[in-house]
Amino acid sequence: QVQLVESGGGLVQAGGSLRLSCAASGRTFRDYAIGWFRQVPGKDREFVATFTRSGGVTYYAASVKGRFTISRDNAQDTGTVYLQMNSLKPEDTAVYYCNAGGIATMPGAYWGQGTQVTVSS
């Protein structure tokens, strides 16, 4: 099992940047693909970005490609996955969730509690 704790959300103006962190503990993140999803009220949770389990491949949603970058701390097996978000837009406003155990753009069974990102116009 793996535990996930997100941090780094907040309020930012359009065009600004934020970096989200997902601290993983328990099983190593080399045992699981780690990714980010987001959700706004009344809509389904949607895929944002993910690493494969090996860390060698990344996937991005078309809406964030070129603006968001997923990375991870390889210094230790249980570590932190980051989501650097640049050129933020009001439509990026959502609760962002860290996820583990998925395949490509599909989520796995493990979720963090979420962190709110609000982009003002």
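The legends below describe close-up views of a predicted model.

**View 1. Overall fold of the protein chain.** The protein chain contains eleven strands and zero helices. In sequence order, the elements follow the pattern β-β-β-β-β-β-β-β-β-β-β. With a radius of gyration of 13 Å, close to the 14 Å that the globule rule gives for 121 residues, the protein chain is as compact as a globular protein of that length. The C-alpha trace spans about 40 × 30 × 25 Å along its principal axes.

**View 2. Interior and contacts of the protein chain.** Of the 121 residues, 43% count as buried. Among contacts with a separation of 6 or more, 57% come from residues 24 or more positions apart.

**View 3. Surface and charge of the protein chain.** The exposed area of the protein chain is about 6,100 Å². Carbon and sulfur atoms supply 48% of that area. The side chains include 11 positive and 8 negative ones. The centres of these two sets lie 4 Å apart.

**View 4. The disulfide between Cys22 and Cys98.** The structure holds one disulfide, and this bond joins Cys22 to Cys98 with an S to S distance of 2.0 Å. The pair links distant parts of the chain, with the two cysteines 76 residues apart. Cys22 belongs to strand β3, which covers residues 18-26, and Cys98 belongs to strand β9, which covers residues 94-100. The angle about the S-S bond is -80°, and the link is left-handed. Cys22 and Cys98 are both buried.

**View 5. Strand β3 at Arg19.** Arg19 lies in strand β3, the strand that also holds Cys22 of the disulfide. The relative accessibility of Arg19 is 46%, so this residue counts as partly exposed; the class runs from the 20% limit for buried to the 50% limit for exposed. In contrast to Arg19, which is partly exposed, Cys22 is buried.

**View 6. Surroundings of Arg19.** Leaving aside residues up to four places away in sequence, Arg19 touches Ser7 and Gly8, as well as Tyr82, Leu83 and Gln84. A further pair in this view is Arg19 and Asn86, which are 67 residues apart along the chain. The C-alpha atoms of Arg19 and Asn86 are separated by 8.5 Å.

Technical notes
Residues numbered from 1 in each chain as written. Predicted model: local features only at pLDDT ≥ 70, side-chain atom pairs only at ≥ 80, totals over all residues. Heavy atoms only, no water. Disulfide = S-S within 2.5 Å. Helix = DSSP H or I, 4+ residues; strand = E, 2+ residues; numbered from the N terminus. Buried < 20%, exposed > 50% of the residue type's maximum accessible area, 1.4 Å probe, protein only. Rg over C-alpha atoms; globule rule 2.2 N^0.38 Å. Contact = heavy atoms within 4.5 Å. Areas by Shrake-Rupley, 256 points an atom, 1.4 Å probe, with all protein chains shown as cover. Lys, Arg positive; Asp, Glu negative; His and termini not counted. Charge placed at Lys NZ, Arg CZ, Asp CG, Glu CD.
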